[in-house]
Amino acid sequence: MPELPEVESLRGFLDEKLTGLRIARVLPLSISVLKTYDPPLSAVEDAEVAAVGRYGKWLDIRAGGLHLVFHLARAGWLRWYDELPATPPRPGKGPLALRTVLASGAGFDLTEAGTTKRLAVHLVRDPAEVPAIARLGPDPLAEGFDRDAFAAVIAGEKRQLKGALRDQSLIAGIGNAYSDEILHAARMSPFKQVRQLDEAETTRLYEALRTTLGEAVDRARGVAAAGLKAEKKSGLRVHGRTGEPCPVCGDTIREVSFSDSSLQYCPTCQTGGKPLADRRMSRLLK
């Protein structure tokens, strides 16, 4: 799933490509992709793109006083064309979910692999009309999101660190991969309770969050959409690297699996050398 660093890079890429150009058509090609009907997609035809913004993992194309906002979900992606294919797309065929055509002949497709269709597109007058955007917590890289703001956000939390970091209503933009990376950088177990953090640990977690995301944004900046997946994978230290040596200490990176996802961690760096039990089979080793 694209997370904050990749979505921010896509925002910059699209802002450079789209701003000042006019939208000719927006064509939904999957029955599930469009989540709104008022205003209709025809309302942005011939509208000039003013800017491209971001809310957590959501992208926002601002045109004609309206907002074309979309979330790529787990298996979605964006494919840019300097010149779109001449052959009209066929609805319901393959991974193509939506095509945006510019008056210049350029444009982009939104695609979604697999059979579980969660990619979401909304055309709204205000992004806050999208419930998922309205519920978002603060952006972790916002200028005002300092250590005290972070401490206030997690105050009273009764969940484990992994779950809290991934909660979009708590902090926007962090998913499975970067929560693993942040916790590795902070040298903390993914199943440590938020309420167990002391002041020094809160500071350490905050600094790991800002550094990890900031460095990932810097790496992704300027990378074309087609190269972002590879760039993300190359920068990850533990996530998706089960069985490989930890780049910090050399211990073997371990995994805990769930029904629809998994996490990766380093026992030496994060859990005092103790492997965590697979929660499908037994309780977490304390």
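This is a short tour of several helices and one loop residue, to follow in your viewer. Keep in mind that the model is predicted.

**Stop 1: helix 3**

Select residues 147-154, which make up helix 3. Colour Arg-147, Phe-150 and Ile-154: these residues are buried. Now look down the helix. The three cover an arc of only 60° around the axis, so they sit on the same side of helix 3. Turn to the face that points away from this buried side, and you will find Asp-148 and Ala-152, both exposed. What lies over the buried residues? Show residues 199-220 as well, since the cover includes helix 6. Before you leave, step just past the end of helix 3 to Gly-156, where phi is positive, at about 85°.

**Stop 2: helix 5 against helix 6**

Keep helix 6 on screen and add helix 5, residues 176-186. The two axes come within 8 Å of each other, with a crossing angle of roughly 130°. That angle makes helix 5 oblique to helix 6. The crossing is right-handed.

Next, bring up the side chains where the helices meet. From helix 5, pick Tyr-178, Glu-181, Ile-182, Leu-183, Ala-185 and Ala-186. Their partners in helix 6 are Arg-204, Leu-205, Ala-208, Leu-209, Thr-212, Leu-213 and Ala-216. If you colour this contact by residue class, you get 10 nonpolar, one polar and two charged residues.

**Stop 3: helix 7**

Move on to helix 7 and select Leu-228, Glu-231 and Lys-232, which are buried. Viewed down the axis of helix 7, the buried residues fall within an arc of 100°, so they line one face of the helix. The face turned away from them holds Lys-229, Ala-230, Lys-233 and Ser-234, which are exposed. To see what covers the buried residues of helix 7, switch on helix 1 (4-18), strand 5 (76-81), helix 5 and helix 6, which are included in that cover.

**Stop 4: Arg-241**

Finish in the loop that runs between helix 7 (228-235) and strand 9 (254-257), and select Arg-241 there. Is Arg-241 buried or exposed? Its relative accessibility is 18%, and the cut-off for buried is under 20%, so Arg-241 counts as buried. To see its surroundings, show Lys-233, Ser-234, Leu-236, Ile-253 and Gln-264: Arg-241 is in contact with these residues, leaving aside neighbours within four places in sequence. You have already met Lys-233 and Ser-234 among the exposed residues of helix 7.

Notes. Residues numbered from 1 in each chain as written. Predicted model: local features only at pLDDT ≥ 70, side-chain atom pairs only at ≥ 80, totals over all residues. Heavy atoms only, no water. Buried < 20%, exposed > 50% of the residue type's maximum accessible area, 1.4 Å probe, protein only. Helix = DSSP H or I, 4+ residues; strand = E, 2+ residues; numbered from the N terminus. Arc of directions from axis to C-beta. Contact = heavy atoms within 4.5 Å. Axes fitted to C-alpha atoms, helices over the stretch in contact; angles between N-to-C directions. Parallel < 35°, antiparallel > 145°, perpendicular 65-115°, else oblique. Left-handed = near helix turned anticlockwise from the far one by under 90°. Nonpolar A, V, L, I, M, F, W, Y, C, P; charged D, E, K, R; others polar.
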